[in-house]
Amino acid sequence: MANIRFHPNHDLLSHYACGELESASSIMISAHLDLCPHCRQKLASIEAEQASELEKSEPAALSPSLNAMMMEIMAQDCVDIPVLDEAPASQLALEDKAYPLPSILQRHNDKIGPWSRLPGNIKRAQVDVSGDSQMNFIYMDSDSALPEHTHQGQEITLVLAGEFYDENGTYQPGDFIVQTEKHKHLPRTRDGQDCLCLTLLNAPLHFTSGLATLLNPFSQLFFRR
Ligand SMILES: [Zn+2]
């Protein structure tokens with residue numbers, strides 16, 4: 001996964017480390033960490049920092065031995081996040097294909113709904129997560145496109161397999177792309193190249209281009225519970 005170019009920012013990782021993110025966002029970060037040694041390392045140092053802050057701010061709170069144990073536990077947490085290849089055979093099946101599930105979802109694969117077909121060679125499987133957000137696996141067949149859209153609110157996309165591209169670049173496995181109201185984009189796949197993503201929306205997509213505005217009810221498909 002040497003080609004990962006888009007990562008969760010420092011704030012997100014830091015909130016993740018503190019357990020301050022809603023569970024859906026934590027799942028997205030955790031799935032990225034599966035694929036990204038760079039962020040696993042960054043998280044380890046954030047956790048070490050937080051541990052030493054804790055030590056400074058509450059010197060009397062922890063006895064030296066308990067403190068040492070805490071440090072050890074935290075260090076362990078940082079290092080051993082399972083790598084997809086070594087994970088138990090819990091997979092996401094789609095027709096004749098099977099993809100390794102992010103490790104955090106392997107314990108919750110009962111929360112993953114069946115695949116449904118959307119316009120434009122797109123397939124979607126909803127993930128039932130708590131909170132107001134909408135999580136989906138999105139599969140784009142080769143040479144397919146989502147209508148151009150903006151976002152009301154925030155959309156996080158994590159590429160799990162294959163690649164897609166838009167006006168701003170090409171996205172590959174591990175890439176963690178955060179988009180807000182400011183972004184307008186047209187995700188598509190190249191001929192012969194499909195793509196599987198995990199996406200998290202906290203508001204419906206809003207389509208902007210001519211014909212696609214007719215498809216605005218389509219955006220509700222992405223957000224329907
Ligand atoms: Zn990363």
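The exercises below work through the sheet, the nonpolar cores and one helix contact of a predicted model.

Residues are numbered from 1 along each chain as its sequence is written, and side-chain values use heavy atoms, with hydrogens and water left out. Because the model is predicted, local features need pLDDT of at least 70 and side-chain atom pairs count only at pLDDT 80 or more, while totals for chains, interfaces and linings use all residues.

**Exercise 1. Establish the strand order of the open sheet of 6 strands, and locate its edges.**

Solution. Begin with the inventory: the chain has 7 helices and 13 strands, these being DSSP runs (H or I of at least four residues for helices, E of at least two for strands) numbered from the N terminus. Strands pair if DSSP finds at least two bridges between them, and on that basis the open sheet runs β3-β4-β5-β12-β7-β10 with antiparallel pairing. Its edges are β3 (112-118) and β10 (176-179), each of which pairs on one side only. Within the sheet, β5 (residues 134-140) and β12 (residues 195-201) are joined in the antiparallel sense over 7 bridges, and glutamine 134 stands opposite leucine 201 of β12.

**Exercise 2. Describe the largest nonpolar core and explain where it lies with respect to the domains.**

Solution. A nonpolar core is a set of buried Ala, Val, Leu, Ile, Met, Phe, Trp, Tyr and Cys residues joined through side-chain atoms within 4.5 Å, where buried means under 20% relative accessible area, exposed over 50% and partly exposed in between (1.4 Å probe, protein chains only). The largest such core has 36 residues, of which Met28, Val127, Met135, Phe137, Leu196 and Leu198 touch the most other members. Helix α2 (residues 23-35) gives the most to this core, with 7 residues. Since domain 1 (10-86) and domain 2 (91-223) both give residues, the core lies between them; the bounds come from an automatic or database domain assignment. A second, separate core of 11 residues includes Met140, Ile177, Cys195 and Cys197.

**Exercise 3. Characterise the packing of α2 against α3.**

Solution. Two packed helices are described by the angle and the distance between their axes. The axes of α2 and α3 (residues 37-57) come within 6 Å and cross at roughly 115°, with axes fitted to C-alpha atoms over the stretch in contact and angles running from 0 to 180 degrees between N-to-C directions. Contact, meaning heavy atoms within 4.5 Å, is made by His32, Leu33, Asp34 and Leu35 of α2 with Pro37, Cys39, Arg40 and Leu43 of α3.
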